Amino acid sequence: EIRSSLTPVDIGADAGDFVFRYPSTTKLLCPGSSFNIVSDITTGASFQWQADTGTGFANIQDNIYYSGTNTNTLHVTNIPSSWYGYLYRCSINGAFSNAFNIKFTNQWLGTVSSEWENPANWSCGILPDGNTDVVIASGSVVLGSNGVCRSISISSTASFTVATGFSLTITH
């Protein structure tokens, strides 16, 4: 999908602590990010975080990716981009919080060169993959190898060129 107009995104190169609270329910992240989700329902005797990975909501437990699964704040660590579109919610005494949707976005900075293949040109410090939405708001981008991304948004003030013999695969 190529869109000619852009919606502003708030992403950073630092995958540090992001804290998401109601009412914003879509989270734009860098692959490998760590972040907290705070339930919009903060009082109750029993908290249980749930994830929907495409087959419906199921309880999650503390593990290498999650901690705080029985509190009002879920901490997610080093989340893989393959989790694009996962939904999270908290069950509190039989009521459910807002569902939080995660998406991965990598914005073109172009601070080093015009080469797509240079990770330093990207807001996440890594190259986009098949689960990453790409945003090119300005500058000149040249893809000099085979590339892949989930979707791409290119503003009318930016240019994007695929070098001869190479292709960009857009997975959605």
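How many bridges join strand S4 to S8, and which way do the two strands run? In this predicted model, S4 (residues 34-38) and S8 are joined by 4 bridges and run antiparallel. One of the pairings puts phenylalanine 35 opposite valine 76, its bridge partner in S8.

S8 also pairs with strand S7 (residues 66-67), again antiparallel, this time through 2 bridges. Here serine 67 has histidine 75 as its bridge partner in S8. S7 and S8 make a hairpin with 5 residues between the strands, and glycine 68 in that hairpin takes a positive phi near 80°. Along S8 itself (residues 73-76), the side chains alternate. Leu74 and Val76 point to one face and are buried, while Thr73 and His75 point to the other face and are not buried. So valine 76, the partner of phenylalanine 35, sits on the buried face of S8, whereas histidine 75, the partner of serine 67, points to the other one.

Next, the nonpolar cores. The largest has 20 residues, and the members that touch the most others are Trp49, Tyr66, Ile79, Tyr88 and Ile102. At least two residues of this core come from each of S4, S5 (47-52), S8, S9 (87-92) and S11 (100-107). Apart from it lies another core, this one of 12 residues, with Trp122, Cys149, Ala158 and Leu168 among them. Such groupings fit a broad pattern: in soluble globular proteins, nonpolar side chains tend to be buried together.

On to the cysteines. Searching the whole structure turns up 1 disulfide, formed by cysteine 30 and cysteine 124 with their sulfur atoms 2.1 Å apart. The torsion about its S-S bond is about -85°, so the disulfide is left-handed. It links distant parts of the chain, 94 residues apart: cysteine 30 is in the loop between S3 (26-29) and S4, and cysteine 124 is in the loop between S11 and S12 (133-136). Both cysteine 30 and cysteine 124 are buried. Cysteine 90 is buried as well, with a relative accessible area of 0%, and cysteine 149, a member of the 12-residue core, is likewise buried at 0%.

A polar residue also turns up among the buried ones. Serine 151, in strand S15 (residues 151-154), has a relative accessible area of 3%, which is under the 20% cut-off, so serine 151 counts as buried. The side chain of serine 151 makes a polar contact with the side chain of aspartate 133, at 2.6 Å.

How values were computed
Residues are numbered from 1 along each chain as its sequence is written. This is a predicted model: local features need pLDDT of at least 70, side-chain atom pairs count only at pLDDT 80 or more; totals for chains, interfaces and linings use all residues. Side-chain values use heavy atoms; hydrogens and water are left out. Buried means under 20% relative accessible area, exposed over 50%, partly exposed in between (1.4 Å probe, protein chains only). Two strands pair if DSSP finds at least two bridges between them. A polar contact is a pair of N or O atoms within 3.5 Å; within protein, one must be able to donate a hydrogen and the other to accept it, and residues adjacent in sequence count only if both atoms are side-chain atoms. A nonpolar core is a set of buried Ala, Val, Leu, Ile, Met, Phe, Trp, Tyr and Cys residues joined through side-chain atoms within 4.5 Å. A disulfide is a pair of cysteine sulfur atoms within 2.5 Å.
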